[in-house]
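Here are some notes to read with the model open next to you. Take them one point at a time and look up each residue as you go.

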Amino acid sequence: MVRRVLATAVAVAVAGVAAVGCDSGGQPAESKGGRPDPTATATAVPYTGPADMPERLGNDGTTIMVGDEAAPLTVHLYEDPRCPVCEQFETTGGAPELREATIRREVRTQYTLASFLDARLGGTGSRKAVNALRAALDKGKFAEYHDVLYAHQPAESEDGFTDAYLLELAGRVPGLRGPDFDSAVRTMKYRTFVTNSEDAYERAGGPREPEGPGTPTAEINDVRVPVRYNGLLFDGTVFGGLLRKIRKDPESWQAVSP
């Protein structure tokens with residue numbers, strides 16, 4: 001049952017929009033609960049942009065966290081770098097609104113990076129891109145590099161995230177290229193992180209989705225956006241409105257169930 005917040009923000013705007021995403025199999029997993037603090041960071045000074053936002057690796061060793069840790073909302077994204085539907089979300093969908101909300105310190109954004117498309121389509125592009133993104137985190141450049149990768153994503157079938165292309169794109173992020181970063185990309189320094197991140201993605205699907213929940217998937221304050229409403233992820237106005245409504249009435253979001 002989808003109650004006040006979801007019904008008000010979404011029902012009219014996404015009526016008739018089909019659920020979409022890079023599916024890794026299974027059915028929608030159950031939602032979970034959580035209680036944000038809607039008053040946190042209400043007077044905090046916004047960041048100047050993605051380059052100014054703090055970012056770190058979570059205690060679980062796989063979650064990449066961007067933004068103010070005291071922000072009242074947490075949006076957790078599950079993405080595969082080769083997924084064209086993730087590219088749609090990141091470039092023309094809800095992600096630009098999410099990015100601005102993170103800059104305003106209203107939201108902190110978390111990422112679990114999957115790489116299942118390599119096994120499905122052949123190649124190594126997803127794994128190489130996840131490794132490179134982890135290397136960018138070491139330089140404090142994850143958010144900027146993440147945006148560049150999706151803005152210049154190769155066709156899904158081309159396996160185009162080669163070492164050379166990843167390094168070329170890194171050159172578009174001031175201060176990212178250097179001996180340490182370049183070596184980490186070429187040697188797959190973070191291969192263990194890549195494997196563990198894929199495992200975390202699959203675990204997130206639970207028993208109903210043992211291969212993972214599909215990408216992109218979004219959880220807001222630990223409550224997953226129901227799969228039948230995935231269309232809202234691709235409408236920036238609707239997604240931004242949903243985030244604002246949840247900030248004002250967080251308890252109603254906890255009433256959402258699949």
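How much space lies in the second largest cavity? Keep that in mind for point 1, and remember throughout that this is a predicted model.

1. **The second largest cavity.** The answer is about 60 Å³. Its lining is made up of L73, E97, A101, R104, E106, V107, G240, L243, R244 and R247. Two elements, α3 and α10 (236-248), each give two or more residues to that lining, and α10 has the largest share, with four residues. Sorted by class, the lining of this second cavity has five charged residues, four nonpolar ones and one polar one.

2. **The largest cavity.** The count of cavities of 30 Å³ or more comes to two, and the largest has a volume of about 120 Å³. It is lined by 13 residues, and those closest to its centre are M53, R99, T109, Y111 and D147. Look for α3 (95-103), β4 (107-113) and α6 (142-151) around it, as each of them supplies at least two lining residues. Here α3 gives the largest share, four residues. The class split for the largest cavity is seven nonpolar, three polar and three charged.

3. **The chain overall.** Zoom out for a moment. The chain holds eleven helices and six strands. Of its 258 residues, 55% are buried. The chain exposes about 10900 Å², and carbon and sulfur atoms supply 49% of that. Now take the contacts between residues at least 6 apart in sequence: 76% of them join residues at least 24 apart.

4. **The nonpolar core.** In soluble globular proteins, nonpolar side chains tend to be buried together. In this model, the largest nonpolar core has 66 residues, and Y145, F181 and I220 have the most contacts inside it. Helix α5 (residues 125-138) gives the largest share of this core, seven residues. Try clicking on I220: setting aside neighbours within four places in sequence, I220 is in contact with T74, V75, V225, F239, L242, L243, I246 and W253. You have met L243 already, in the lining of the second largest cavity.

5. **Helix α6.** Is α6 largely enclosed or largely open? Eight of its ten residues are buried, so α6 is largely enclosed by the rest of the structure. The buried ones are F142, A143, E144, Y145, H146, V148, L149 and Y150. Notice that Y145 is also one of the residues with the most contacts inside the core.

6. **R82, a buried arginine.** R82 sits in the loop between β3 (73-79) and α2 (84-91). Why does R82 count as buried? Its relative accessibility is 3%, and the cut-off for buried is under 20%. Beyond neighbours within four places in sequence, R82 is in contact with L117, D118, L121, G122, G123, G125, S126, Q153, E156, S157, D159 and F161. Take D118 from that list: it is 36 residues from R82 along the chain, yet their C-alpha atoms are separated by 8.3 Å.

7. **S197, a buried serine.** This residue lies in helix α9 (residues 191-204). At 0% relative accessibility, S197 counts as buried. Leaving out neighbours within four places in sequence, S197 is in contact with T62, T112 and L113.

8. **Backbone spots to check.** Most residues other than glycine have a negative phi, and most peptide bonds are trans. Which peptide bond is cis here? The one from T215 to P216, with omega near -5°. P216 lies in the loop between α9 and β5 (217-220). As for phi, M188 has a positive value, near 50°. M188 is in the loop between α8 (179-187) and α9, and at 12% relative accessibility it counts as buried. N221 also has a positive phi, near 50°. You will find N221 in the loop between β5 and β6 (223-224), and N221 counts as buried at 7% relative accessibility.

Key: Residues numbered from 1 in each chain as written. Predicted model: local features only at pLDDT ≥ 70, side-chain atom pairs only at ≥ 80, totals over all residues. Heavy atoms only, no water. 1 Å grid on protein atoms, 1.4 Å probe; cavity = no way out; pocket = protein on both sides within 12 Å on 5 of 7 lines; lining within 4 Å. Points joined across faces, edges and corners; volume = space filled by probe spheres on them. Nonpolar A, V, L, I, M, F, W, Y, C, P; charged D, E, K, R; others polar. Core = buried A, V, L, I, M, F, W, Y, C linked by side-chain atoms within 4.5 Å. Buried < 20%, exposed > 50% of the residue type's maximum accessible area, 1.4 Å probe, protein only. Contact = heavy atoms within 4.5 Å. Areas by Shrake-Rupley, 256 points an atom, 1.4 Å probe, with all protein chains shown as cover.
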